[in-house]
Amino acid sequence: MAPSPNSQPAIESILQEQRLFEPPADFAKDAAVSGADQYQTLYDKAAADPAAFWAELAEQELHWFKKWDTVLDWQPPFAKWFVGGKLNISYNCLDRHLTTHRRDKPALVWEGEPGDSRTLTYAELHGEVCQMANVLKDMGVAKGDRVGIYMPMIPEAAIAMLACARIGAAHTVVFGGFSSEALRDRLNDAEAKVVITADGGFRKDKAMPLKPAVDQALAGDAVPSVTNVLVVQRTKQAVDWTDGRDVWWHDVKPEASNDCPAEPMDSEDLLFILYTSGTTGKPKGVVHTTGGYNLYTHTTFQWAFDIKEDDVYWCTADVGWITGHSYIVYGPLSNGATSVMYEGAPRASNPGCFWDVVQKYKVTIFYTAPTAIRAFLKMGDQHPNARDLSSLRILGTVGEPINPEAWMWYHNVIGGEKCPIIDTWWQTETGGFMITPLPGAIATKPGSATKPFPGILADIVDAEGNPVPANEGGYLVIKHPWPSMMRTVYGDDARFRRTYWEHIPPKDGNYVYFAGDGARKDEDGYFWIMGRTDDVLNVSGHRLGTMEIESALVSHPAVAEAAVVGRKDELKGEDVFAFVILEGTHTASDELKVELKQHVVKEIGAIARPGEIRFAAGLPKTRSGKIIRRFLRNLASGEELVGDATTMEDQSVLEKLRTDG
Ligand code: PRX
């Protein structure tokens, strides 16, 4: 069976894409990995013996309190890396730089939405992380506990993550755009002891409250594990206060010591849980552990961004997503780089905002999502052209397939035709980049993530796991464990096994990791990602499960049944389209549509708000009662139906679905 990706952005134009951009010669000559031959040598060496390859890097690149006994313990599908080794990622991100020239180098450069800013050197960041770590300890947080982080994009978000890592508590960051309900579910699943939050943050020109969502999530002892809430003051909005539970950061900080030794962690100790959407059920807690994650994010950051000592690196993601974890906080800081954090977001009211930040801080490496690129493209060239972007030397993209038009605009207008573009394919589950150009080594093709990172054995297979010929669509799989792979679904090994490792049936005990993406490999071995093959949507680079949105809709009293599909969207890549069947006594109206959209926002968050709701009398179902989503996708896009409708239970349903009712 060939995969049927939910979204195939500009797939025809991608298929015809022939342009090839060689790494500029002056760039390649200074690059850490320079030229196709060097990449191939590294790749072959890693593929011949992945464990030896990673062990050599682990020795060379990280500080270990104690060296490991075994590099890789692989009991499919459970991997352990650097077994017996002891380290602390906060030590690798901070302490080890303090004895070098990096002590006074900016670690975090933060630009606030209203134009305020702050720079923390490595020494300063270390001090604040220690202070917060000591505050957490005073709250009774110990090694092995979990801490929820629900923050705007301010330095304290990174400080909180590093403070947890320092004392061996696992963090679970919940994106600040998620609702109180979503926050409650995640805090409960992780059994968090403390929540770190802020009064609010600035979002698109407005102060947005955050603390009230925490209060709501915790109300009525709904999350019994939480004993304290640590609150950072950001917007100075009035907040409700629960004495004995809530603590202001600025009240306790002055008394907290800026010395807190980093806890020696076992390489396989839990570092963080990050929830992400899947095909079925509640979001799953993706588990990442310490040693392998540290090494892999460190190495991928170093090679793919070709990091140099004086680079100013900016990733525009939110720390609430894996991109923020791996490539705002851990990867850059482990390398001693300068990482820019920005509280703002692209918006029509400030169409030059990103380019102002690039100009102000002389950003050299810029990493963003295709959605943002498309939004800026639409706002016009005059905005970037009016700023000095000459500092840029590498551009990156992540989160969704990039259409060649957006790629070319990024290359020409933002990169001045001189910056390699790295299109990085990876996932929350993979921890770090899996398929990406190394900018000095691999020629790029607009729309292709190009080649696997050394040590990553990627392939395209059919449903039985057989490799498919060049240029044929199939399932993207990884055939060997890698250091930062997710270890399990938090509390649910069976779901981990089922979702990722048994989807493609293991042959002769050989398990392959199933990514959930459709892709093809061209005659040059370049990978082209086509989009999800499951019921996961990618809206503006944000991952959403159709089931989650359907559950949110049916939790409204007016809704009897709901089916959600993705519809192609020029800006967002994909948009949420919901078909809704009402409970008997309720009648369809525009007001009800607005109310239902708002209900989804309340249940999940604004990122899940349906772009369109269509009321329906019935849904297309097979005789066995399964919703035929393919037809719904066709209907949502106003396309002709693809496929055979004769298997349907009730043929008249389809006609009625073309319009409301
Ligand atoms: O479908 C792929 C898409 O984003 C999914 C992973 O989403 P998430 O776990 O939220 O992580 C996003 C940031 C790493 C993938 O299964 N995706 C990610 N990067 C790309 C991409 N699709 C195409 N090209 C990419 N570069």
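1. Helices and strands here are DSSP runs, numbered from the N terminus; a helix (H or I) has at least four residues and a strand (E) at least two. The model is predicted. By that reading, T450 falls in the loop between β20 (421-424) and β21 (458-461).

2. T450 deserves a check on its backbone. Its phi is positive, about 65°, and T450 is not a glycine. Most residues other than glycine have a negative phi. Is T450 buried or exposed? T450 has a relative accessibility of 0%, so it counts as buried, the cut-off being under 20%.

3. K362 also has a positive phi, about 50°, and is not a glycine either. K362 sits in the loop between α13 (353-361) and β18 (365-368). The positive phi comes just after α13. Here the side of the cut-off is the other one: K362 has a relative accessible area of 57%, and therefore counts as exposed, which requires over 50%.

4. Which residues of α13 are buried? They are C353, F354, W355, V357, V358 and Y361. The helix spans 353-361, and K362, with its positive phi of about 50°, follows just after.

5. One peptide bond needs a look. P76 and P77 are joined by a cis peptide bond, with omega about 0°. Most peptide bonds are trans. P77 lies in the loop between β1 (70-75) and β2 (78-83).

6. E400 belongs to the loop between β19 (394-398) and α16 (404-414). Its relative accessible area is 8%, so E400 is buried, under the 20% cut-off. What does its side chain meet? The side chain of E400 makes a polar contact with the side chain of T371, at 2.6 Å.

7. The wider surroundings of E400 come from several parts of the chain numbering. Setting aside neighbours within four places in sequence, E400 is in contact with A369, P370, T371 and R374. The list also holds N538, S540 and G541, and then K572 and G573. T371 thus appears both as a contact and as the polar partner at 2.6 Å.

8. T121 is in strand β5, residues 117-121. Its relative accessibility is 13%, so T121 counts as buried by the under 20% criterion. Residues up to four places away in sequence aside, T121 touches R103, D104, K105, P106 and A107. V109 is 12 residues from T121 along the chain, and their C-alpha atoms are separated by 8.5 Å.

9. Now the overall picture. The protein has 21 helices and 29 strands. Its radius of gyration is 24 Å, close to the 26 Å that the globule rule gives for 661 residues, so the protein is as compact as a globular protein of that length. The C-alpha atoms fill a box of roughly 75 × 65 × 55 Å along the principal axes.

10. How much of the protein is buried? Of the 661 residues, 62% count as buried. Consider contacts between residues at least 6 apart in sequence: 71% of them join residues at least 24 apart.

11. On the surface, the accessible area is about 24,000 Å². Carbon and sulfur atoms account for 50% of it. As to charge, there are 66 positive and 89 negative charges, and their mean positions are 0 Å apart.

Terms used:
Residues numbered from 1 in each chain as written. Predicted model: local features only at pLDDT ≥ 70, side-chain atom pairs only at ≥ 80, totals over all residues. Heavy atoms only, no water. Rg over C-alpha atoms; globule rule 2.2 N^0.38 Å. Buried < 20%, exposed > 50% of the residue type's maximum accessible area, 1.4 Å probe, protein only. Contact = heavy atoms within 4.5 Å. Areas by Shrake-Rupley, 256 points an atom, 1.4 Å probe, with all protein chains shown as cover. Lys, Arg positive; Asp, Glu negative; His and termini not counted. Charge placed at Lys NZ, Arg CZ, Asp CG, Glu CD. Polar contact = N/O pair within 3.5 Å; in protein donor to acceptor, adjacent residues only side chain to side chain.
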